[in-house]
Amino acid sequence: MSVEMTLKEIRRALAAARVGRSAQERMSPRPRPGDIFPMPDNPAGRQAAVLILLYEREGELYFFLTRRTETVGTHKGQISLPGGSQDASESLQATALREAQEELGIDPAHIEILGAPLTPLFIPVSGFWVTAFVGYYSGEPTLSAAAAEVYEILATRLADVLDENAIAEEEWELRGYKVHVPFFRLHGYKVWGATAMILAEFISLLRVQGVDENV
């Protein structure tokens, strides 16, 4: 199936009702460090945004993950989606686009945002609400990583995230507690936590619409 038709189906998936926390929790550590039970409807927190930026390579859809440096302020060395905290008087969509430009050197003028954002995700440990947007870049972007923040840019096939065999789970010790941690096995790394939870909702929407059969 053509990339154009696949994008049409992704747009259709993103027009559907959000599956929210139930989908996110599939890839949530159990128990989730710092989580609040029961979760309040709207816990206070700072706002941040990330971008799942789709693009075509050799007839397939890819998106970018980044491996953060060991010197960046938070989440040192972790695998993340490009993104960051919201600036004053800035929409969350503008935040996602700005951060993609700052971290990856991608011109926002060439990015089309596909539908409404995913369900905001509260991160108890950092106190951030993270909202994910899905975008599309026509062609393959020219990249320029921000050396202070991004150690490695990981071009990731969408089909790999949709593969159930990419998901595994281990018992880890986090902050002194035994925790069961599901993660995606991608590029030889374990993609877990908020990034995995955001991707879980995205792929859940795609599967509801049957997009995984065509990617």
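Which side chain meets that of Arg157 in a salt bridge? In this predicted model, the partner is Glu60, with N and O 2.7 Å apart. The two residues belong to distant parts of the chain: Glu60 is in strand E2, Arg157 is in strand E8 (residues 150-157), and 97 residues separate them. Arg157 has a relative accessibility of 26% and therefore counts as partly exposed. Glu60, at 28%, is likewise classed as partly exposed.

A further salt bridge joins Arg67 to Glu152, where the closest N and O atoms are 3.9 Å apart. Because Arg67 lies in strand E2 and Glu152 in strand E8, this pair ties together parts of the chain 85 residues apart in sequence. Arg67 is partly exposed, at 23% relative accessibility, and Glu152 is partly exposed at 26%.

Arg98 and Glu90 form another salt bridge through their side chains, with an N to O distance of 2.7 Å. Here the relative accessible area of Arg98 is 17%, so Arg98 is buried, the cut-off being under 20%. Glu90 also counts as buried, at 16% relative accessibility. This pair is part of a network in which salt bridges with shared partners join Asp87, Glu90, Arg98, Glu99 and Glu102. Over the whole structure, the search finds 15 salt bridges.

The nonpolar residues were examined next. The largest nonpolar core contains 41 residues. Within this core, the members that touch the most other members are Ile10, Ile52, Leu54, Phe184, Ile198 and Phe202. Both helices and strands contribute to the core. The helices supplying at least two residues each are H1 (3-14), H4 (158-162) and H5 (193-208). The strands that do so are E1 (46-57), E2 (60-68), E6 (121-123), E7 (128-137) and E10 (177-186). Helix H5 provides the largest share, nine residues. Strand E2 thus appears in both parts of the description, as it supplies residues to this core and holds Glu60 of the pair with Arg157.

Apart from the largest core lies another, made up of 16 residues. Its members include Leu53, Leu97, Leu104 and Phe133.

Conventions. Residues are numbered from 1 along each chain as its sequence is written. This is a predicted model: local features need pLDDT of at least 70, side-chain atom pairs count only at pLDDT 80 or more; totals for chains, interfaces and linings use all residues. Side-chain values use heavy atoms; hydrogens and water are left out. A nonpolar core is a set of buried Ala, Val, Leu, Ile, Met, Phe, Trp, Tyr and Cys residues joined through side-chain atoms within 4.5 Å. Buried means under 20% relative accessible area, exposed over 50%, partly exposed in between (1.4 Å probe, protein chains only). Helices (H or I, at least four residues) and strands (E, at least two) are DSSP runs, numbered from the N terminus. A salt bridge is a side-chain nitrogen of Lys or Arg within 4 Å of a carboxyl oxygen of Asp or Glu.
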